[in-house]
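User: I'm new to this protein and would like to learn how to read its features. Could you walk me through it?

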Amino acid sequence: MGARVLPVASRALVESCRRLGLDGDGRLRRAGVDPAALRDPDARLPAEQAEALWREAYAAAGDPCRGLHAGEATPFGAFPALDYLGASGATVGEGLARVAAYFPLVDPRGRIDVRPAPGAVALVFRPEGGAPVPPPAQE
């Protein structure tokens, strides 16, 4: 059986599609994603379905930066636990380190490395398990 991911990113993607005037429900149907799974906080989606949903969104938007724009259109609180972890750090770097520590619960296919530098913090996605992770999942 393949990897299973939390539906939180898929839910945020569908909501951002709707805010941008794209048909979120149609995207769900074509990707084979049950809308009820997006509302269930305990659900896990097969990674293949989540990836199909992202492909649908990229195709509909015709936007090669769809992941970035979905993030821009997603309000704080859309990822309740991750947003709390990030916001509760004493510094941005500490908050990002907390998010990185729990990221495998969201998507077990990769890890996020937090690399502090003078005046900056870099996030580096590192795939796990040898299987390629598509760019939308990394973004």
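Analyst: Happy to. Let's start with a term we'll need: a residue is buried under 20% relative accessible area, exposed over 50%, and partly exposed in between. By that rule Glu 128, with a relative accessible area of 29%, is partly exposed. Keep in mind that this is a predicted model.

User: Which residue does Glu 128 pair with in a salt bridge?

Analyst: The general idea is that side chains of opposite charge can pair when their charged atoms come close. In this structure, Glu 128 forms a salt bridge with Arg 126, and their closest N and O atoms are 2.6 Å apart. Arg 126 is partly exposed too, at 36%. The pair also belongs to a network, in which salt bridges with shared partners link Asp 113, Arg 115, Arg 126 and Glu 128.

User: Where is Arg 115 found?

Analyst: Look in strand 3. Arg 115 has a relative accessible area of 46%, so the residue counts as partly exposed. If you want a feel for the fold around there, compare chain distance with distance in space: Arg 115 and Gly 95 are 20 residues apart along the chain, and their C-alpha atoms are separated by 13 Å. Ile 112 also sits in strand 3, which covers residues 110-117. With 22% relative accessibility, Ile 112 is partly exposed. Ile 112 and Leu 85 are 27 residues apart in sequence, with 14 Å between their C-alpha atoms.

User: How many salt bridges does a search of the whole structure find?

Analyst: The search turns up 9 salt bridges. One of them joins Asp 25 and Arg 18, where the closest N and O atoms are 2.4 Å apart. Asp 25 is partly exposed at 38%, and Arg 18 is partly exposed at 43%. Another pairs Glu 94 with Arg 98, with 2.9 Å between the closest N and O atoms. Those two both lie in helix 7, 4 residues apart, or about one turn of the helix. Glu 94 has 31% relative accessibility and counts as partly exposed, as does Arg 98 with 30%.

User: Now a charged residue that may be hidden away. Is Asp 83 buried or exposed?

Analyst: Asp 83 is buried, yet has no salt bridge. The nearest side chain of opposite charge belongs to Arg 11, and that is 9.2 Å away. Asp 83 is part of helix 6, and its side chain reaches the backbone nitrogen of Ala 78 at 3.3 Å.

User: What about Arg 109: which side chains does a polar contact join to Arg 109?

Analyst: There are two to look at. The side chain of Arg 109 makes a polar contact of 2.2 Å with that of Glu 51, and one of 2.7 Å with that of Asp 107. Arg 109 lies in the loop between helix 7 and strand 3. Its relative accessible area is 12%, so Arg 109 is buried.

User: Let's turn to the empty spaces. How much space lies in the largest pocket?

Analyst: The general idea first: rolling a probe the size of a water molecule over the atoms shows where empty space is left. Here, the largest pocket holds about 1,100 Å³. It is lined by 35 residues, and those closest to its centre are Ala 9, Phe 79, Leu 82, Phe 103 and Glu 139. Several elements each supply at least two lining residues, including helix 1 (8-19), helix 4 (47-61), helix 7 (92-106) and strand 4 (120-127). By class, that lining divides into 24 nonpolar, 6 polar and 5 charged residues.

User: And what volume does the second largest pocket have?

Analyst: That one is about 250 Å³. Its lining has 13 residues, with Leu 6, Val 8, Ala 81, Leu 82 and Val 106 lying nearest its centre. Helix 1, helix 6 and helix 7 are the elements that give two or more residues to this lining.

User: Which helix gives the largest share of the lining of the second largest pocket?

Analyst: Helix 6 does, with 4 residues. As for the classes, the lining of the second largest pocket has 12 nonpolar residues, 1 charged residue and no polar ones.

Note on methods:
Residues are numbered from 1 along each chain as its sequence is written. This is a predicted model: local features need pLDDT of at least 70, side-chain atom pairs count only at pLDDT 80 or more; totals for chains, interfaces and linings use all residues. Side-chain values use heavy atoms; hydrogens and water are left out. On a 1 Å grid over the protein atoms alone, a cavity is a set of points where a 1.4 Å probe fits but cannot get out, and a pocket is an open set with protein on both sides within 12 Å along at least five of seven lines; lining residues have an atom within 4 Å of a point. Grid points are joined across faces, edges and corners, and a volume is the space filled by probe spheres set on the points. Ala, Val, Leu, Ile, Met, Phe, Trp, Tyr, Cys and Pro count as nonpolar, Asp, Glu, Lys and Arg as charged, and the others, Gly among them, as polar. Buried means under 20% relative accessible area, exposed over 50%, partly exposed in between (1.4 Å probe, protein chains only). Lys and Arg count as positive and Asp and Glu as negative; His and the chain ends are not counted. A salt bridge is a side-chain nitrogen of Lys or Arg within 4 Å of a carboxyl oxygen of Asp or Glu. A polar contact is a pair of N or O atoms within 3.5 Å; within protein, one must be able to donate a hydrogen and the other to accept it, and residues adjacent in sequence count only if both atoms are side-chain atoms.
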